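Please walk me through this structure in the viewer, one selection at a time. I want to know what to pick next and what I will find there.

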Amino acid sequence: MKTRKARRTVVTGIGVVAPNGTNTEAFWKRTHEGISVLDRVTREGCEQLPLRVAGEVRGFEAAELIEERFIVQTDRFTHFAMAAADIALDDARLGRADYEDSPFDIGVVTAAGSGGGEFGQRELQRLWGQGSTYVGPYQSIAWFYAASTGQISIRGGFKGPCAVVASDEAGGLDALAHAARSIRRGTEAVVVGAAEAPLAPYSVVCQLGYEDLSTRDDPARAYRPFTSDACGFVPAEGGAMLVVEEEQSARRRGARIRAEVAGHAATFTGAARWEESREGLAQAIIGALREADCAPDEIDVVFADALGVPAADSAEALAIADALGAHGRQVPVTAPKSGIGRAYCGAPVLDVAAAVLSMENALIPPTPNVFDVCHDLDVVTGQARPAELRTALVLSRGLMGSNAAMVLRRPTDIQV
Amino acid sequence: MTRRVGVTGVGVVAPGGIGAPAFWDLLANGRTATRGITLFDPAGFRSRIAAECDFDPAAHGLDADQVAKSDRYVQFAMVAAREALGDAGLDPEKVDPWRMGVSLGTAVGGTTRLEHDYVAVSGSGARWDVDHRPAGPHLERAFSPSSLASAVAEQVGAHGPVQTVSTGCTSGLDAIGYAFHSIEEGRVDVCIAGASDSPITPITVACFDAIKATSANNDDPEHASRPFDSRRDGFVMGEGGAVLVLEELEHARARGATVYCEIAGYATFGNAYHMTGLTPEGLEMAEAINRALDHARMDGSQIDYVNAHGSGTKQNDRHETAAVKRALGAHAYDVSMSSIKSMVGHSLGAIGAIEIAACVLALVHQTVPPTANYESPDPECDLDYVPRTARPLKLRSVLSVGSGFGGFQSAVALTRTGGRTP
Amino acid sequence: MTDRLTYTELAVLMKKGAGLTVDPRDMEKRPGSAFDEFGLDSLGLLGIVGVLENRHGRALPADADRCKTPQEFLDLVNTTLMTGA
């Protein structure tokens, strides 16, 4: 598919609710400053569990961002998604007047890694502690993976193609790609992204089954990808929602075009088979470059998956070299998520947000808590690095075996 | 040139019969597989009936490791995938693994194991601050819905895009729809597509009890699922899975495969109305039907059969009847329309794929499955619902539609090869 | 079992079950207004019915969750609880 796509997808709005900031500005400030917010787990009921460190979203006052009824009727993961969608829609200046007459032109896509775990645990407790008649009516719409897409669609009046992909972490990029394809087929805009809330006590118990979960108790040492001290990953809450639009349609309404979603590809190489993910990730990068019609040496920065497991980090370093050739050892690589943790499907969407902001600010954010890189990569550590950035590559892998890559372009380089 | 998408294999795990032949036998004879719940003791629940699968994973070829790692719904999908691959005569070793994808839907995922282990770690709901020690192995797989597509991808050796899709009760239609797009748009040549759910657990039964969406006709379970009938009182929960082998048409022909039919069109929209409520007019479902037909380059009058969502709730069946009339116009009154949920219940995310499997088999057998238990017409549901007895009919093109919590409205058009305007 | 359901208690149930802040005096002033106007959806009313059934240890009539207005709902609940007590 070398030919230029007729309908291109551009990012026009970014909404972030992350451990290091409950709005996009705060997120970017702490991200480029390289501040780590990883800290002890404080969510109620988690204190006795062996997971010590996580990226919690603190200071998130749901009531200030969404209507009171949603706080009772939906789970925390949906609160995050609804708040982030609002921020993104505001940022894009996309309001009801823009689509009142064409509601089928705007869709919603989210990725979900675990659904409404806190809500579900509360209702399970009612069922097993009190009896079946104590399960409330909102359980039927709050726990399942589709909750956030449904609520955002209803709240905004978006009747376009609505979708939910649940393909663990790489699903965040898959959701964006799904939105871009929807736009290619005729949808004008999509509210897309992922937010997660996996820190309810029972959800944490479930994650203890991941052998790559870090249970270290020192926040500065719990998640150190690409170092010889790598000991697994730290989970996080939050995520990001974006507004993506068909380029011409965005231009017509005078929207600010932030970046182009230029290419994506996804592959699968088996759960926890990190050595094999080398080929899978390389194939995904090659596929994304091909779709973006982008040469390897055009990539100016790589936002790495950075799992923090030696075999996985090594596979990723090799995959970057396999796919980008000699350029792979020179291109700056960063992983801001080492300062906030991995918010599952939300993680790569946060990276996409950070990549767009990096291109806009000509600044590559560093990889917090990482100083002693032991792979043949130019990892940006310590401080943000100024650089002219036209094209960014975002990588993601899931614990169940998915690999995905996405190419983003700065708008000045988008030919009209 | 447009890439066309053929169905070359079908696998089904459904209540009343494991395997596509047993499933079709049930449908063609209008038998119902609804009964009193046996998977747990339903005493004290409002709805105590369901359509359960009599399923032994070992008897269907899963090894001990596969069984230990996977939740019941994943086992359904693996057994259905195995059957579908065999049916397609597709040797995964002879397919480029990077050009083979997996797209599987589920609404509630690993809730069976999640609930089971929850009881252990919480002291039967006694504590919020759960104790992790009694948790069983592989619980993380139940937690992560992507384990569904992942397990099947490992089983078949796929290296292309592998995705779990979770759009509530349209998950099955949407998973097949996304797979259709992925072949049509050239990302893969083969896609293992379908859906699976095993929701007959206390928490899921209780959550539908709480909103009175399920039938409380506990004294007559065999006749409790009554789509479109005036006496319908809610859906009957089901479980199961169905998997199709979808293949780019030339790819299938090149290896001499039998192509049962083509997936010709797909569309989905949100109703932006209410998480569980449906508009009386059915505007958004009608839009999904129209766009799926446009995609298939077909006219509504070419549709010979509509496989309905037909859940058997008061609201759904009226909504759907209105939507089909809006989309197909006068032809709605001529078309045969039925709900197999009358026989196999409503298996949430799985049912869309099971219904598409039923459409494929209907095209193969040139027979429309009936709406069992349909006896007493509802004035607001005045279409031809194929009461109780299967109907032999010349079928070229059929439509499967669905609605899901969250407002999802989806439609898939299938046609015998050559059934659409070139 | 003689404690009648009041507008004040209904408002508390709406707050707790559905996250709605409703002034009970406002409901009392316009008791014929639909639940919709106070923000309560069908699921919310089902939840309130469930809470009352658990509290009183008995079922409310099958159409309790189809009441359209606060007044209709209070009348039905109170009639049932009084007569059956």
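The tour starts with one whole chain, moves to the interfaces, and ends inside chain A.

**Stop 1: chain B as a whole**

Keep in mind throughout that this is a predicted model. Select chain B and colour by secondary structure. You should find 13 helices and 16 strands. The radius of gyration of chain B is 20 Å, close to the 22 Å that the globule rule gives for 422 residues, so chain B is as compact as a globular protein of that length. Turn the C-alpha trace along its principal axes. Chain B spans about 60 × 55 × 40 Å. Now colour by burial. Of the 422 residues in chain B, 68% are buried. Next, draw the contacts with a separation of 6 or more. In chain B, 80% of these link residues 24 or more positions apart.

**Stop 2: where chain B meets chain A**

Show chains A and B together. The contact between them takes 69 residues from chain B and 69 residues from chain A. Stay on the chain B side and select the elements that give two or more residues to it. The helices are α4 (111–121), α5 (139–143), α6 (147–156), α7 (171–184), α8 (202–210) and α10 (283–295) of chain B. The strands are β6 (162–165) and β10 (261–270) of chain B. Highlight α8(B): the largest share of this side, seven residues, comes from that helix. Then colour this side of chain B by residue class. The split is 34 nonpolar, 26 polar and nine charged.

**Stop 3: where chain C meets chain A**

Hide chain B and bring in chain C. Here the contact takes 12 residues from chain C and 10 residues from chain A. On the chain C side, select α1 (7–18) and α3 (42–56), the elements that give two or more residues. Helix α3(C) gives the most, with six residues. By class, this side of chain C has four nonpolar, seven polar and one charged residues.

**Stop 4: the two domains of chain A**

Leave chain A alone on screen. Colour 9–252 as domain 1 and 262–411 as domain 2. Their centres, taken over C-alpha atoms, are separated by 21 Å. Across the boundary, 58 residues of domain 1 are in contact with 55 residues of domain 2. Which elements give two or more residues to the domain 1 side? Select β1 (9–17), α1 (24–33), α9 (171–184), β6 (189–196) and β7 (238–246) of chain A. The largest share, seven residues, comes from α9(A). The domain 1 side divides into 33 nonpolar, 18 polar and seven charged residues.

**Stop 5: strand β8 of chain A**

Select residues 259–268 of chain A, strand β8. The strand is mostly covered, with 10 of its 10 residues buried. Add β1(A), which pairs with β8(A) in the antiparallel sense over three bridges. To see one partnership, pick T9(A) and V261(A). Now add strand β15 (residues 402–409) of chain A. Eight bridges join β15(A) to β8(A), and these strands run antiparallel. Pick A265(A) to find its bridge partner in β15(A), A405(A).

**Stop 6: helix α13 of chain A**

Select residues 310–324 of chain A, helix α13. Put a distance between the end C-alpha atoms. They are 21 Å apart, which agrees with the 21 Å that 15 residues should span at 1.5 Å a residue. Show the side chains of the buried residues, among them A312(A), A315(A), A319(A) and A323(A). An α-helix has 3.6 residues a turn, so residues three or four places apart point the same way. The buried list for α13(A) also includes D313(A) and E316(A). What covers the buried residues of this helix? The cover includes α12 (274–292), β9 (301–303), β10 and β14 (391–397) of chain A. Step past the end of the helix to G325(A), whose phi is positive, near 65°.

**Stop 7: G339 of chain A**

Last, select G339(A). This glycine lies in the loop between β10 (332–334) and α14 (346–361) of chain A. Is G339(A) buried or exposed? G339(A) counts as buried, because it has 26 C-beta neighbours inside 10 Å, against a cut-off of 20 or more. Beyond neighbours within four places in sequence, G339(A) is in contact with N20(A), G34(A), I35(A), S36(A), V37(A), L38(A), P368(A) and N369(A). Finish by drawing a line between the C-alpha atoms of G339(A) and D39(A). They lie 300 residues apart along the chain and are separated by 9.8 Å.

Note on methods: Residues are numbered from 1 along each chain as its sequence is written. Chains are lettered from A and ligands numbered from 1 in the order in which they are written. This is a predicted model: local features need pLDDT of at least 70, side-chain atom pairs count only at pLDDT 80 or more; totals for chains, interfaces and linings use all residues. Two residues are in contact if their C-beta atoms, placed from the backbone, lie within 7 Å. Helices (H or I, at least four residues) and strands (E, at least two) are DSSP runs, numbered from the N terminus. Ala, Val, Leu, Ile, Met, Phe, Trp, Tyr, Cys and Pro count as nonpolar, Asp, Glu, Lys and Arg as charged, and the others, Gly among them, as polar. A residue is buried if 20 or more other C-beta atoms lie within 10 Å of its own, exposed if 12 or fewer, and partly exposed in between; C-beta atoms are placed from the backbone. Domain bounds come from an automatic or database domain assignment. The radius of gyration is taken over C-alpha atoms; the globule rule is 2.2 Å times the number of residues to the power 0.38. Two strands pair if DSSP finds at least two bridges between them. The expected span of a helix is 1.5 Å times one less than its number of residues.
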